[in-house]
Structure formats: structure tokens, C-alpha cells
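Q: I'm new to this one. Can you walk me through the structure?

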Amino acid sequence: MRTMLKVLRVPNTTILITVLAFILGCATVAYAIEPSTFRTWFNALYWVMTTMATVGYGDFYAKTWIGKAFSLFIYVFGIGLLSLIIGKIIDSISTIYKHWEAGKMHFHGKDHIIIINWSKKAQYAIDEILSYSPASHIVILDESDKHPIVDRQEIHFISGDPSTEEALDKAMIKQARAVIIFADTRIDEPALADGKTLLIASSIERLHPDIHTTVEITQDKNIPNFRHAKVNEFVLSHDAVSRLAVRSALQQGGSEIIHQLISREVGDDIYEVPVRAEWKTYRDAFQGILERGATLLSDRGDLGINRKLNDPIPAAARLYVVADEATYRLLKSQA
């Protein structure tokens, strides 16, 4: 038992070099013993490999007693060495998977979206992202020690404190496209939850000032603090739910329209379209977009552009439309 444990602790590189040396050495010895049988060194190598792998096609085999004795040597030691290296490979694959599942492996990629703090809301966010863009790369960063979605191999998981530089570096924060920070549901006190979110946002701002950051806030009185931390956008935890409930009660059907607009899986969606050179005013953009089957909705957060259609479109304009995916792709391709 002690001997077996010592063997299993031998570095993988040492085992690999030993096996390669054994195979090449055996091929050289076999060719030296029976050159007329194997004719070339490569044929001897081929015979050694098929013998160690217990395939034994029979197209080459030892004919002299020395060659047969050497064959017995390969049976005893060669098959054991090959089994050892196969076991090491399987063990390495298992270790890699365990590290991946435990969130210990670095993410290697760019233009990905980082989801911080796992919750049911984070699950919905991932579903929405993949529905909108199935090819998106997503990294979950959370303090838990197990991947929350083990059946989705394309979603990477990092275990660690999201406010630390080490964990953010593992998630490749400097190469990420956007970050969404959800309030930590394990913290019962809203002020403490917002405090942790603010600390995470500050760490991200320090490491990657240009990244687009969206955060969930539990108390509206903390909004000025997040503005100071240069958070791009924020969502109040219960604000949207409350507003949808009131809309549903006072204006029947209103919540369904809003649900379609914010969900990629239902109805039309909101898309940003590039400003075309021939669009000088909002009226030009409105009519051009309408002719293609979409509706101009806003310039950034300005929903009142239909009351200033004669105004020129500013250079920094970002136009959003309501359309289906096919119409959006048409508008984008004709830009």
C-alpha cells in the first residue's frame, strides 16, 4: 500500500517522461533483437504500442525466444505503466472538473458579462442574457463554494469575495464588457447589503473605470452614494415590482406591455440602433425606422423625443427602438 501511494504521488511530468522513455527504449531494443521481423524502427514502435495497449493485431510479433521473452517483459511492465498514465490522466480530468465546480479556476476570455452575488434574480438575468444573445460569455462571481449551474458548462463560476482584487482578476474584470451586481440575499439588513454592494462597485471602478456597471439597490436613500461611485445604472429592488403591480391595478393590461418590453422571450424588444448619416432630425429617424417596421422610442433615457421631432440629432445620440429581432437586424445591417 505504501509503495502504491508513493507511486501515485510521483509528479505527472516524471511519469510521462518515464513512459515515453520506456516506449522508445523498448522499440529500439525490439528492433535490435529482430530487425528482420520488424524491418523498420517505426514498425517496432508500432508493435510495442499495440502490445502495451493489449490490442495485439498480430501483423507483427516476436519470433525468436529472446524476442518472446522481451514480449513478456513488456506485458508485465509496459501494460502497468500505460495503465498508470491513463489513471493519472483520468485523475487530472477529475481534478480539473472539481476545481471548475468549486470556482477555483481563472476565467480566460474577454467581452464577457460578470454577474456578482448569486440569487434567483441572477438566474433570471442569465436566462434573459442568453435569450438575447446565446453566444454571450457569462462569469458568476459569488462567495459560495459550488457552481450554482453545474449543467451549463459555458457559464464560468468564480468563488471568492467580489470586493477583492484577487477575485475580480480571476473573473478577468479588465476584459469584461459589463458587470451586474445584485444585492446579497444572505444579508438581512438592507443598509449592510447596500454597503457591501457599494464596496464591490468601488473596487470595480478602481480596477476598470470604463466598464458599464449596473447594481441592485435596496434603499433609495443610498442612491447618491452610488452616483458618487460612478455606477452607470442602478435598479431599486422593490421599485419595479411595486410599479408593475400598481399599473396592473389601475390600468389593466399595462403590466403586460411592460413585461413584453423588458423580456426578450415575449413579444417585441427594445434595441439600440446606430444613427444613419441621412438622419438629421429626430423626425428623419422616426420616419426611417417606422418604414422598416419599428418604432423610435427614445434617445438614451429621453422618452419625449416625439415632441421635438424637428430638433437635430446630437452627435452623442443613442437611439432605442421597439422592434422584433428580424427588424432590428435589418436596421443594424443598413446602417
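A: Sure, here is a short tour of the cores, sheets and aromatic rings. Keep in mind that this is a predicted model.

Q: Start inside. In the largest nonpolar core, which residues touch the most other members?
A: Six stand out: Ile-114, Ile-116, Ile-173, Val-179, Ile-181 and Ile-204. The core has 24 residues.

Q: Which elements give two or more residues to this core?
A: The strands are β1 (113-116), β2 (138-142), β4 (178-181) and β5 (212-217). The helices are α7 (165-170), α8 (190-207) and α9 (223-228).

Q: And where does the largest share come from?
A: From α8, which gives four residues.

Q: Take Val-179. What does Val-179 touch, leaving out residues up to four places away in sequence?
A: Its contacts include Ile-114, Ile-116, Ile-173 and Ile-204. Val-179 also touches Ile-211, His-212, Thr-213 and Thr-214.

Q: What about the other core, apart from that one?
A: That core has 19 residues. Among them are Cys-26, Val-48, Met-52 and Leu-81.

Q: On to sheets. What is the strand order in the six-strand sheet?
A: The order is β3-β2-β1-β4-β5-β6. The sheet is open, and the pairing is parallel.

Q: Which strands are at the edges there?
A: β3 (155-159) and β6 (233-236). Each of these pairs on one side only.

Q: How much are neighbouring strands turned against each other?
A: By 15° on average, ignoring direction.

Q: Zoom in on β1 and β4. How many bridges join them?
A: Four, and the two strands run parallel. One detail here: Ile-116 has Ile-181 in β4 as its bridge partner. Both Ile-116 and Ile-181 are also on the list of core residues that touch the most other members.

Q: Now the three-strand sheet. What order, and parallel or antiparallel?
A: The order is β7-β9-β8, with antiparallel pairing. This sheet is open too.

Q: Why is one side of β7 and of β8 left without a neighbour in the sheet?
A: β7 (269-273) and β8 (295-299) stand at the edges. Each has a single partner strand, so one side stays free of a neighbour in the sheet.

Q: What does the twist average?
A: It averages 35° from one strand to the next.

Q: How many bridges join β8 to β9?
A: Four, and the strands run antiparallel. β9 covers residues 319-323. Thr-295 stands opposite Val-322 in β9.

Q: Which helix packs on that sheet?
A: Helix α13, residues 325-333, touching β7 and β9. The direction of α13 makes about 5° with that of β7.

Q: Switching to rings. How many aromatic pairs are there?
A: The count comes to five. One of them is Phe-38 with Trp-47. That pair is tilted, with 5.2 Å centre to centre and 45° between the planes.

Q: Are Phe-38 and Trp-47 buried or exposed?
A: Both residues are buried.

Q: Why is the pair of Phe-70 and Phe-73 stacked?
A: Their ring centres are 5.9 Å apart and their planes are at 20°, so the pair counts as stacked. Planes under 30 degrees apart count as stacked.

Q: Where do Phe-70 and Phe-73 sit along the chain?
A: In helix α5, residues 65-101. They are three residues apart, so about one helical turn separates them.

Q: Buried or exposed, for Phe-70?
A: Phe-70 counts as buried, because its relative accessibility is 13%. Buried means under 20%. Phe-73 is partly exposed, at 35%.

Q: Last one. Which residues form an aromatic cluster with Phe-70?
A: Phe-22 and Phe-73 join Phe-70 in one aromatic cluster.

Notes:
Residues numbered from 1 in each chain as written. Predicted model: local features only at pLDDT ≥ 70, side-chain atom pairs only at ≥ 80, totals over all residues. Heavy atoms only, no water. Core = buried A, V, L, I, M, F, W, Y, C linked by side-chain atoms within 4.5 Å. Buried < 20%, exposed > 50% of the residue type's maximum accessible area, 1.4 Å probe, protein only. Contact = heavy atoms within 4.5 Å. Pairing = 2+ DSSP bridges. Axes fitted to C-alpha atoms, helices over the stretch in contact; angles between N-to-C directions. Phe/Tyr/Trp six-rings, centres within 6.5 Å; stacked < 30°, edge-to-face > 60°.
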